[in-house]
Amino acid sequence: MAGPMTVPARVLRLGLSLFGRLERSPEGEALPLQAAALPWRRGAKGETELLLVTSRSSGKWIPPKGWPMRGKSLAEAAQIEAYEEAGVRGRISDVSCGAFQRSKTHRALGPITFLIKLYPLEVTEELKTWPEQAQRKRRWFAPEAAADAVQPAELADLLRSFRVPRR
């Protein structure tokens with residue numbers, strides 16, 4: 001059985017409307033693109049904490065993420081996902097702190113590799129209720145613990161190396 005594939009000809013024939021937007025990976029492959037927020041805050045002792053949520057399907061820890069949105073930048077889409085999936089609001093950086101690839105199994109197309117761009121979000125408000133709270137858990141982690149909780153290794157490396165963006 002073949003491993004995860006990049007965008008095959010059959011997907012390209014369906015058009016970009018299926019995935020919204022494609023972007024080239026560092027290896028030059030056209031991959032469907034997603035936007036993710038990396039919610040962060042300063043803890044009681046000034047240490048950086050990162051917020052992760054569980055995925056709906058597997059319960060694995062992930063950053064809040066979703067598809068590009070028409071009329072929104074990737075950073076703005078990531079900010080909306082952070083509200084919907086994690087119940088947080090704040091200041092999003094326009095500059096990605098990195099990208100990682102993740103393979104998922106699409107119901108109709110099988111395994112596909114996605115490119116996910118990560119945008120730091122300084123959390124200024126943590127809501128008691130939010131749209132997906134019944135479907136997910138959220139938890140604050142130290143960067144090293146967050147890295148230990150996630151897959152793939154590319155994402156873990158991004159979390160370990162995260163530094164608070166300059167304003």
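**A walk through the predicted model**

Leaving out residues up to four places away in sequence, Ala-156 touches Ala-147 and Val-150. The model is a predicted one, and Ala-156 is a convenient place to enter it. This alanine sits in helix H4, which covers residues 153–160. Ala-156 counts as buried because its relative accessibility is 6%, under the 20% limit for that class. Pro-143 lies 13 residues from Ala-156 in sequence, and the two C-alpha atoms are 9.0 Å apart.

From this helix the view can be widened to the whole chain. The protein has 167 residues, and 47% of them count as buried. Its secondary structure consists of 4 helices and 9 strands. Along the sequence these elements follow the order α-β-β-β-β-β-α-β-β-β-β-α-α. Among contacts with a separation of 6 or more, 66% are between residues 24 or more positions apart.

The interior comes next. The largest nonpolar core holds 20 residues, and those that touch the most other members are Ala-37, Ala-78, Val-88, Ile-92, Tyr-119 and Leu-121. At least two residues of this core come from each of strand S2 (30–42), strand S3, helix H2 (74–86), strand S6 (88–92) and strand S8 (110–126). Helix H2 supplies the largest share, 6 residues. Ala-37 shows how these parts meet: not counting residues up to four places away in sequence, Ala-37 touches Pro-63, Pro-64, Ala-78, Ala-82, Ile-92, Leu-118, Tyr-119 and Leu-121. Apart from this core lies another, of 18 residues, which includes Trp-61, Phe-141, Leu-155 and Leu-159.

Strand S8 also has a pairing partner. Strand S7, residues 98–106, runs antiparallel to S8 and is joined to S8 by 9 bridges. Within this pair, Phe-100 has Ile-116 of S8 as its bridge partner. The connection from S7 to S8 is a hairpin of 3 residues.

Both strands return in the description of the largest pocket, which has a volume of about 650 Å³. Its lining consists of 23 residues, and those nearest the centre are Gln-34, Ser-57, Lys-65, Trp-67 and Lys-104. Two or more lining residues come from each of strand S5 (65–66), H2, S7 and S8. The strand S7 gives the most, with 5 residues. Helix H2 is thus named twice, as a source of pocket lining and as the main contributor to the largest core.

Two serines in loops complete the tour. Ser-25 lies in the loop between strand S1 (22–24) and S2. Ser-25 is classed as buried because its relative accessibility is 6%, where the class requires a value under 20%. Beyond its neighbours within four places in sequence, Ser-25 is in contact with Leu-31 and Gln-101.

Ser-55 occupies the loop between strand S3 (48–54) and strand S4 (61–62). With a relative accessible area of 12%, Ser-55 is buried as well. The side chain of Ser-55 makes a polar contact with that of Ser-58, at 2.8 Å. Not counting residues up to four places away in sequence, Ser-55 also touches Lys-60, Ile-62 and Arg-136.

Technical notes: Residues are numbered from 1 along each chain as its sequence is written. This is a predicted model: local features need pLDDT of at least 70, side-chain atom pairs count only at pLDDT 80 or more; totals for chains, interfaces and linings use all residues. Side-chain values use heavy atoms; hydrogens and water are left out. Buried means under 20% relative accessible area, exposed over 50%, partly exposed in between (1.4 Å probe, protein chains only). A polar contact is a pair of N or O atoms within 3.5 Å; within protein, one must be able to donate a hydrogen and the other to accept it, and residues adjacent in sequence count only if both atoms are side-chain atoms. Contact means heavy atoms within 4.5 Å. A nonpolar core is a set of buried Ala, Val, Leu, Ile, Met, Phe, Trp, Tyr and Cys residues joined through side-chain atoms within 4.5 Å. Two strands pair if DSSP finds at least two bridges between them. On a 1 Å grid over the protein atoms alone, a cavity is a set of points where a 1.4 Å probe fits but cannot get out, and a pocket is an open set with protein on both sides within 12 Å along at least five of seven lines; lining residues have an atom within 4 Å of a point. Grid points are joined across faces, edges and corners, and a volume is the space filled by probe spheres set on the points.
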